[in-house]
Amino acid sequence: TVLVVDFGAQYAQLIARRVRECHVYSEIVPSTMPVEEMLAKNPKAIILSGGPSSVYAPEAPQTPTGLFETGVPTFGICYGFQAMAQALGGTVARTGLSEFGRTAFRADPEGMLFAGLPDEQRVWMSHGDSVAEAPAGFRVTGSTAGAPVAAMECAERGLFGVQFHPEVLHSEHGQAVLRKFLYEGAGCRPTWTMVNIVEEQVERVRAEVGTKRVICALSGGVDSAVAGALVQRAIGDQLTCVFVDHGLLRKGEAEQVEKDFVAVTGASLKVVDAQERFLTALAGVSDPEEKRKIIGREFIRVFEQAAREVVEEAGAAGEQVEFLVQGTLYPDVVESGGGTGTANIKSHHNVGGLPDDLQFSLVEPLRELFKDEVRRVGEELGLPPEIVWRQPFPGPGLGIRIIGEVTRERLDVLREADAIAREELSRAGLDRDIWQCPVVLLADVRSVGVQGDGRTYGHPVVLRPVTSEDAMTADWSRVPYDVLATISNRITNEVREINRVVLDVTSKPPGTIEWE
Ligand code: XMP
């Protein structure tokens with residue numbers, strides 16, 4: 001394990017991911033964790049992340065006492081670099097020469113972290129204070145115009161630091177520097193591979209579940225599918241998957257769950273066709289929040305009923321269903337303040353909010369994984385790319401992409417238009433550039449058009465392709481005009497009810513990604 005000590009910036013998760021991209025397992029710990037507790041995790045290395053503060057700020061996070069005396073190889077980044085310099089007797093100064101963004105960096109090829117890399121590199125900087133003097137025994141291994149000490153190391157003690165952010169892609173050789181620290185500085189070995197992850201989780205699930213029965217709710221999304229497939233690999237027939245078909249998925253998605261997932265995993269699947277029930281509950285409702293509430297509520301009821309049936313069927317065979325699979329991911333665990341082994345669980349994950357009184361213990365085989373790792377595990381397990389690479393899709397589904405009342409006819413119209421947009425975006429090779437592309441049906445709006453020889457009075461759809469890192473902010477994607485033209489032509493030709501296609505060119509903020 002490599003511990004990434006989080007000093008409160010947004011960079012800790014990125015660092016942890018980059019470490020794992022070097023095939024070394026990493027875990028994020030808060031900077032308030034006592035050193036003994038860190039040592040109990042048996043770390044091969046420790047990385048101190050950047051942080052928002054100046055080491056001089058009154059509220060500046062403290063470096064855990066005794067951290068540099070543990071003998072564990074340690075790498076300080078940005079704030080962590082300055083904190084290391086200060087703690088070991090160097091000086092950190094407010095030089096007034098702050099550097100932000102891409103910066104020219106001169107590396108000392110004698111430094112372990114830079115050996116074999118170009119002397120001149122572009123790095124990503126974001127700092128106000130600078131290290132003016134390295135601590136005694138340290139060698140200065142890099143500098144920039146604004147930071148005379150921009151990298152330092154004391155290889156004998158296994159201590160290294162850089163002022164820049166090696167974890168961001170703007171730092172040309174950042175990943176190489178990180179790799180050198182891990183492999184050469186700390187002696188880590190590249191054992192964190194997909195095959196090992198799968199094996200390890202399979203073992204863990206087996207140990208946890210024993211011979212008990214397990215239930216898993218599939219949503220059509222990546223996380224629940226991968227979690228279900230992993231658990232299936234671990235315990236086979238002891239697992240029953242439940243898929244509530246609420247009729248709000250996109251074209252082909254229900255079939256992906258019902259056919260492809262089952263074919264690949266061999267899981268036993270209970271499909272509940274609840275389309276009528278959801279339509280009835282949604283009849284006459286236009287308000288977005290109201291729709292969300294109804295969909296969430298109906299989902300819970302239907303799932304509970306299905307779960308009860310699974311329990312009864314199992315009970316009839318003299319068994320109990322004791323576990324529920326959840327697709328909780330590592331960022332959820334970190335964000336809800338839990339480390340490994342804590343019971344702080346976001347209950348609304350994936351399935352739109354399961355009630356607290358469901359009498360199951362949770363199995364969370366993805367708890368240690370980032371999203372990109374989940375996708376690779378999914379590939380390793382043989383799940384189809386349509387599931388593994390599915391773009392984010394809201395729990396309430398197409399229900400919140402019909403502006404106005406949700407009806408079966410409107411769902412069918414939107415499903416067709418959405419399928420065309422997805423197909424053409426994929427064909428143009430844009431799937432990985434676009435974060436997601438909602439297609440929104442303005443069901444209560446009509447406009448005049450001509451199609452063939454006749455006047456029409458149809459509905460518009462909105463294309464909402466966005467780029468984003470995390471859905472918190474987003475920009476509209478600059479999809480090439482000819483791709484937009486093809487989508488527009490096809491939708492207006494192939495979907496009779498639609499006579500206009502418009503493009504949403506609003507960033508978030510002020511717009512949200514979805515229209516409701
Ligand atoms: P907004 O529209 O808020 O969306 O910019 C941000 C991200 O969240 C997704 N989204 C939802 N996901 N239930 C979900 O599970 C919801 O009610 C919901 N509303 C929005 C949206 O697709 C985008 O990825």
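The ligand is surrounded by R292, P392, P394, G395, P396, Q436, A471, K508, T512, I513 and E514. By class, this shell holds five nonpolar, three polar and three charged residues. The model is a predicted one.

**Two members of the shell**

A471 belongs to the ligand's surroundings. Its place is the loop between β21 (466-467) and β22 (475-476). How exposed is A471, with 14 C-beta neighbours inside 10 Å? A471 counts as partly exposed because that number lies between the limits, 12 or fewer for exposed and 20 or more for buried. The backbone of A471 also stands out: phi is near 70°, a positive value in a residue other than glycine. Most residues other than glycine have a negative phi.

K508 is another residue of the shell. A cis peptide bond joins K508 to P509, with omega about -15°. A second cis bond links P509 and P510, with omega about 10°. P509 lies in the segment after β23 (498-503), and P510 is found in that segment too. Most peptide bonds are trans.

**Overall build**

The protein has 14 helices and 23 strands. Its C-alpha atoms fill a box of roughly 80 × 65 × 40 Å along the principal axes. Does the radius of gyration agree or disagree with that of a compact globule? It agrees: 516 residues in a compact globule would give a value near 24 Å, and the protein has 26 Å. Buried residues make up 45% of the 516. Consider contacts with a separation of 6 or more: residues 24 or more positions apart account for 73% of them.

**Helices α3 and α4**

Helix α3 (residues 79-87) is mostly covered, with seven of its nine residues buried. They are Y79, G80, F81, Q82, A83, M84 and A85. The cover includes β3, β4, β5 (91-93), β8 (130-133) and β11.

C78 sits in the loop between β4 and α3. C78 counts as buried because it has 25 C-beta neighbours inside 10 Å. C78 has a positive phi although it is not a glycine. Just after α3, G89 takes a positive phi as well.

In helix α4 (residues 174-185), the buried residues are G174, V177, L178, R179, K180, F181, L182 and G185. They pack against β1 (2-6), α1 (12-21), β3 (45-48), β4 (74-77) and β11 (159-162). G187, just after α4, has a positive phi.

The positive phi values are set out here.

| Residue | Phi |
|---|---|
| C78 | about 55° |
| G89 | about 100° |
| G187 | about 65° |
| A471 | near 70° |

**Helices α8 and α9**

Helix α8 (residues 275-282) packs with helix α9 (residues 288-316) at an angle of about 145°. Their axes are 10 Å apart. The crossing is right-handed. Which residues of α8 and α9 meet? From α8 come R277, F278, A281 and L282; from α9 come K291, I294, I295, E298 and V302. This contact has six nonpolar, no polar and three charged residues.

**An exposed loop residue**

T32 is placed in the loop between β2 (26-30) and α2 (35-40). Is T32 buried or exposed? T32 counts as exposed because it has 11 C-beta neighbours inside 10 Å. T32 and V140 are 108 residues apart along the chain, and their C-alpha atoms are separated by 29 Å.

Technical notes:
Residues numbered from 1 in each chain as written. Predicted model: local features only at pLDDT ≥ 70, side-chain atom pairs only at ≥ 80, totals over all residues. Axes fitted to C-alpha atoms, helices over the stretch in contact; angles between N-to-C directions. Helix = DSSP H or I, 4+ residues; strand = E, 2+ residues; numbered from the N terminus. Left-handed = near helix turned anticlockwise from the far one by under 90°. Contact = placed C-beta atoms within 7 Å. Nonpolar A, V, L, I, M, F, W, Y, C, P; charged D, E, K, R; others polar. Near = placed C-beta within 6 Å. Rg over C-alpha atoms; globule rule 2.2 N^0.38 Å.
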